[in-house]
Amino acid sequence: EFHVADTLRDLLTTKRSYLLDLFGDYQAYVDSLLKLQVIEQQLINETAALAVYIDEHVLWVRSAEPLHLTDLKDAASGVYWLLRWPRWRHVVETLGRDALESLGVYVAALVLFLVCLALWPRLTRLVAADAERAQLRASLAFAPTVRAAFVSLVLALMGPAVLWFAAWRLGAAQRGGDSERMLSSGVAAMAVVFLTIEIPRQLIRPKGLGEVHFGWPPTLLAKVRRHLVWFLIVALAAVFLVTTLDTDGDERRLDSFGRLAFMAAMAAFAAFAFLMMRPRKGILCQAAHGRTAHESSRLYNLVYASTVAAPLVLMALAWAGFFYTALRLSWRFHMTLFLGVCLLVLYNLILRWLRLEHLRLAIDQAMRKREAMSETEQGDLAEVEEEPPLDLAHMGEQTQSLVRGLLVASLII
């Protein structure tokens, strides 16, 4: 009996020793994992810093060979690779499983989407009502303009929000693979570009901010809307293809199929800019109400030439093999143009406010003049001291010149 007890005690002691050793090994393993995680995070940060440095400085290095006819074969294989049904079936199955696992998120998104659809007609009617108020001669309120701008921004956010939700769920799917993450980046890039084009499109809607509040010609705005439709389709398709192929990491498909999609988008951009800005016949030039000084101004011609030539230069760079450089510069060029559109809207908002204030001052000045004339007719000429009238036209021109200078300076900076 004592022999059994001793044996059990030895076994328990040995087991305890093994467990302590195992615990120590696990603790050392956890410490090693934590150190490796810190080192991996440092490597990620260093990689991101190097990527930013390359984006900002190393743009003169050729990333591919010049485009050749043999690249068409690789582009065809890229199309087949992208359109393969098993890939899309796996994506659909992954989203289905994600919907079951995150049912509350999808239900909330569906309810929000249905609410937005129900509010869409009401918001458009609100913009039309603000347009009617702004067109009244007796209306001096700036609030309808601000409300129309806010509602237009809300309308512009609805479409990109759907794409952002799809990109979020594709990237957050628990069982998603490389295809889901690749499509997630492509859809997210589509949402950004869609927003930068949808905001101007909502501003030039019929009876909207541009037509009524800013006084832009409605016939010319209709032409811009018509051209924006095909340009939006081409731009979104190209952004999706290029971003998806870039995330995939296959240089052969990116340098063939992705490069051709990028060049097609740049050609469409140049054609759109030509239709919008060409002197004497362009839509934006006609919007200047036929003022010859505007059409022949050096600044306008310089902006027109730069806007049309920039996408053509980027297309030539991509064809010559500087595809990485063309991609980075095209994104910066696009965001610069979007900033220019935002500054143009801001300028017109300030101009609208100045006009209303100018009209209010003119009405006050006319009322004071009428009161002074009535007092003069009643025989109080000696008691009335005539104040020098304000030169409202000169003040308005000076203020507009100051605002234009500040906005141009901000765009350059």
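At roughly what angle do the axes of helix H3 (residues 85-101) and H5 cross, and within what distance do they come? Select both helices in this predicted model. The axes of H3 and H5 cross at roughly 90 degrees and come within 10 Å of each other. H3 is therefore roughly perpendicular to H5, since angles of 65 to 115 degrees fall in that class.

Show side chains at this crossing. From H3, pick Val91, Leu95 and Asp98; from H5, pick Arg169, Leu170 and Ala172, which they meet. By class, the contact of H3 with H5 holds four nonpolar residues, no polar ones and two charged ones.

**H5 against H6**

Keep H5 (143-172) and add helix H6 (178-203). Their axes lie 8 Å apart, and the packing angle is about 180 degrees. An angle over 145 degrees counts as antiparallel, so H5 runs roughly antiparallel to H6. Colour this contact by residue class: 20 residues are nonpolar, five are polar and two are charged.

Now select Ser184, which is found in helix H6. Is Ser184 buried or exposed? Its relative accessibility is 12%, so Ser184 counts as buried, the limit being under 20%. Leaving out residues up to four places away in sequence, Ser184 touches Ala167, Leu170 and Gly171. Leu170 has already appeared on this tour, as one of the H5 residues that meet H3.

**The largest nonpolar core**

Next, select Ile197, Leu228 and Phe262. In the largest nonpolar core, which has 49 residues, these three touch the most other members. Several elements give two or more residues to this core: H5 and H6 again, together with helix H2 (71-83), helix H8 (218-248), helix H9 (251-277), helix H12 (298-320) and helix H13 (323-377).

Centre the view on Leu228. Apart from neighbours within four places in sequence, Leu228 is in contact with Ile197, Arg201, Ile204 and Phe272. Ile197, in this list, is also among the three core residues with the most contacts to other members.

A separate, second core can be shown in another colour. This core has eleven residues, and Ile199, Phe214, Phe338 and Leu349 are among them.

**Two more serines**

Go to Ser330, in helix H13. Which residues does Ser330 contact, leaving aside neighbours within four places in sequence? They are Phe262, Met266 and Leu314. Of these, Phe262 was selected above as one of the three residues touching the most other members of the largest core. Ser330 counts as buried because its relative accessibility of 12% is under 20%.

Then move to Ser32, which lies in helix H1 (residues 2-56). With a relative accessible area of 38%, Ser32 is partly exposed, because this value falls between the 20% and 50% limits. Display the backbone of Ala28 as well: the side chain of Ser32 reaches the backbone oxygen of Ala28 at 2.9 Å.

**The whole chain**

Finally, zoom out and colour by secondary structure. The protein has 14 helices and zero strands. Colour by accessibility next: buried residues make up 34% of the 413 residues in the protein. A contact map gives another view. Taking contacts between residues at least 6 apart in sequence, 78% join residues at least 24 apart.

Terms used. Residues numbered from 1 in each chain as written. Predicted model: local features only at pLDDT ≥ 70, side-chain atom pairs only at ≥ 80, totals over all residues. Heavy atoms only, no water. Core = buried A, V, L, I, M, F, W, Y, C linked by side-chain atoms within 4.5 Å. Buried < 20%, exposed > 50% of the residue type's maximum accessible area, 1.4 Å probe, protein only. Helix = DSSP H or I, 4+ residues; strand = E, 2+ residues; numbered from the N terminus. Contact = heavy atoms within 4.5 Å. Polar contact = N/O pair within 3.5 Å; in protein donor to acceptor, adjacent residues only side chain to side chain. Axes fitted to C-alpha atoms, helices over the stretch in contact; angles between N-to-C directions. Parallel < 35°, antiparallel > 145°, perpendicular 65-115°, else oblique. Nonpolar A, V, L, I, M, F, W, Y, C, P; charged D, E, K, R; others polar.
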